[in-house]
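Trainee: Could you take me through the empty space inside this protein, starting with the biggest enclosed hole? After that, I'd like to hear about whatever else catches your eye.

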Amino acid sequence: MRLKIVFGVFTLLFLSLISRLFYWQVVMGADLKKEASYQYKGTKTITAPRGNILANDGTWLAVMRTNWLLFAELPKLEKTSKEIANLLAPIFVDDNHENKDEYRQALLNETEKIQSALDRNGVVWVPVKRKVTSEIKEKIENLNIKGLGFEPEETRYYPEGSSSAQLLGFVGKDEEGNDTGYFGLEGYYNVPLSGKNGFLQREKDLSGVPILTSGLSEISSIAGTDLTTYIDKRIQNITESKLKEGLEKYGAKEGSVIIMDPKTGAILGMASYPSYDPAKYSEFDGALFRNPAISDTFEPGSVFKVIVMAAGLDSGVIKPDTICDICDKPYKVDKYFIETWDKKYHPDSTMTDVLVHSDNVGMSFIAEQLGSDKMYEYLDKFGIGKLTEIDLQGESNINLRPKDKWNVVDLATSSFGQGVSITPIQLIRATSVIANGGYLISPKVVDSNDALKRDRVISEEAADETAAMMVEAAKKGEAKWTDLKGFSVAGKTGTAQIPISGHYDDKKTIASFVGFAPANNPKFIMLITLKEPQSSQWASETAAPLWYSIAKDLFNYFGIQPEN
């Protein structure tokens, strides 16, 4: 009996040993092999340099700059964590604070951060400070603190600061801690900008020292691609400066400017305000990362009239001298009355007069001549309700309401820019059709050398007729006081009420002005949008003067001379 018990115990021990061997060799074999590899093989990632983003003259808009990671090897430290923190903190904290109490608090916070990093237990190596500049690195090295060291780390640098922030985007970290582009160009072109990391692998002994006689395995990194944009730094700087001045002058909450070559779609400048510093993005409200020029939708109001006018001319249902026979009073559509913006009516107006007076009744007349099917067809051809496919991350879109859902009221109101939502980039793209002789082109920021794709939307004759009518609107319309005498500008204002909770707020508007010059051979097309200007709700008194203020500098830059 005793022999059986002993045999049974040995049998259980043997089976237990077999099961444990099976577990370690088969179940955990791959993981253990991997861990063992880590113990005798040292692997270091070779980071691929991120590509640069360049202006059209080859100068930098975004570039990688070598900064430093300050680290500490805790066993080698000869000073206490408090002593080291007291020595380092004054180097990292700017002493130009006007308020001494704020400076002392900032200094105290930095001291606590450094001391906390150095007081970690159970580790040998700790990071102390990232993105240390070469100047600060030199100051720390002069302190001769044993146990501190530096490792190079690349940091995204934006030489122009907050200029072009929403256009460029920024570089942050993904879930795995890798550099990743977000928003704008950084987000859209993240893959080609990132390149491909390499690695270096060599065997090491038990103490972690590389074995020089062992084989060295290396796969080189592949640097990211540089991007050359169409952005003109001088135009961009003019735009940024004037936009900021305009928002302060007119008390607008937000504003954006797009300047484009209407013949090629090349974005020459794009600015939005308020803005942020992409190098310090974490210090700003995330709402600022969106680019209003491509992400914010709005009902465009009267700037939309030029598109509907062009559709009417191209379809042949009207001509520039066609008489509006309903323009003498408010126009009833279903149970609603269409009125003019100033409650003034102009009997027997021509279509040119309708655009000059920005007459909603006259636009309803055109819509009635077109009908729902043709109106929808032309809006679709102009790219309304479709992404422009601009090469920036974050473009948004609201589709056109299905054609079978349109009624007579929708037809009328869409003719003067109500009930249709678009983004600024969609609006300037659609208006470019008029500026370039009738073609829809895709806006682009990066020069890819691809062949230009153009889709015929309206005839050259219809485009020229609409442009001529826009010249008259700029000279004789409600913004005529801003017109630059002698220069041929085709333009149109828009004052759109903001829809809130099912109704339009007559005190909150988006003011806009779109125009191109010279009208017969445009060098540029520009769109200004201002959200809720306080000095005046009317675009003729806000967006239009800002447009001409920027245009003056553009005329000089492009060498555009007055006609007379």
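Mentor: Sure, let's start with the largest cavity, which has a volume of about 70 Å³. Keep in mind that this is a predicted model.

Who sits around that hole? Its lining is made of 13 residues, and Ala473, Ala474, Gly477, Ala479 and Thr493 are the ones nearest the centre. Helix H12 (351–357), helix H16 (460–476) and E17 are the elements that each contribute two or more residues to the lining. Strand E17 gives the most, with three residues. By class, the lining of the largest cavity splits into seven nonpolar, four polar and two charged residues. If you scan the whole structure for cavities of 30 Å³ or more, you find three. As for how one looks for such holes, rolling a probe the size of a water molecule over the atoms shows where empty space is left.

Now for the open spaces. E17 turns up again in the second largest pocket, where it gives the most to the lining, with five residues. That pocket holds about 880 Å³ of space. It is lined by 38 residues, and the closest to its centre are Glu339, Asn360, Phe416, Gln418 and Gln497. Besides strand E17 (490–500), the elements that supply at least two lining residues each are strand E14 (336–338), helix H14 (408–414) and strand E18 (503–517). The lining of the second largest pocket divides into 13 nonpolar, 17 polar and eight charged residues.

The largest pocket has a volume of about 2,200 Å³. Of its 50 lining residues, Lys131, Glu153, Glu154, Thr155 and Lys173 come closest to the centre. Which element supplies the largest share of this lining? That would be E5, with seven residues. Several other elements supply at least two residues each, including strand E1 (41–46), strand E3 (60–73), strand E4 (125–132) and helix H8 (190–194). Strand E6 (170–173) and strand E7 (179–182) are also among them. If you're wondering about chemistry, the lining of the largest pocket has 16 nonpolar, 17 polar and 17 charged residues.

Next, the cysteines. A search of the whole structure finds one disulfide. Cys324 and Cys327 form it, with their sulfur atoms 2.1 Å apart. The torsion about their S-S bond is about 95°, so the disulfide is right-handed. Are the two partners buried or exposed? Cys324 has a relative accessible area of 0%, so it is buried. Cys327 counts as buried too, because its relative accessibility is 1%.

The aromatic side chains deserve a look as well. The whole structure has 21 aromatic pairs. In one of them, the rings of Tyr188 and Tyr189 have their centres 4.9 Å apart and their planes at 65°, so the pair is edge-to-face. Tyr188 is partly exposed at 41% relative accessibility, while Tyr189 is buried at 16%. Tyr281 and Phe289 also make an edge-to-face pair, because their ring planes sit at 70°, with the centres 6.4 Å apart. Here Tyr281 counts as partly exposed at 22% relative accessibility, whereas Phe289 is buried, with a relative accessible area of 11%. Elsewhere, ring pairs join Phe487, Phe513, Phe524, Trp547, Tyr548, Phe555, Tyr557 and Phe558 into a cluster.

Two small residues in helices round off the tour. Ala311 lies in helix H11, which covers residues 305–315. This alanine counts as buried, because its relative accessibility is 2%. Leaving out residues up to four places away in sequence, Ala311 touches Leu370 and Tyr378. Its C-alpha atom is 7.3 Å from that of Ile458, although the two residues are 147 apart along the chain. Thr111, for its part, belongs to helix H4, residues 100–118. At 12% relative accessibility, Thr111 counts as buried. With residues up to four places away in sequence set aside, Thr111 is in touch with Ala85, Asn86 and Ala89.

Notes:
Residues are numbered from 1 along each chain as its sequence is written. This is a predicted model: local features need pLDDT of at least 70, side-chain atom pairs count only at pLDDT 80 or more; totals for chains, interfaces and linings use all residues. Side-chain values use heavy atoms; hydrogens and water are left out. Helices (H or I, at least four residues) and strands (E, at least two) are DSSP runs, numbered from the N terminus. Buried means under 20% relative accessible area, exposed over 50%, partly exposed in between (1.4 Å probe, protein chains only). Contact means heavy atoms within 4.5 Å. On a 1 Å grid over the protein atoms alone, a cavity is a set of points where a 1.4 Å probe fits but cannot get out, and a pocket is an open set with protein on both sides within 12 Å along at least five of seven lines; lining residues have an atom within 4 Å of a point. Grid points are joined across faces, edges and corners, and a volume is the space filled by probe spheres set on the points. Ala, Val, Leu, Ile, Met, Phe, Trp, Tyr, Cys and Pro count as nonpolar, Asp, Glu, Lys and Arg as charged, and the others, Gly among them, as polar. A disulfide is a pair of cysteine sulfur atoms within 2.5 Å. Rings of Phe, Tyr and Trp (its six-membered ring) pair if their centres lie within 6.5 Å; planes under 30 degrees apart count as stacked, over 60 as edge-to-face and the rest as tilted.
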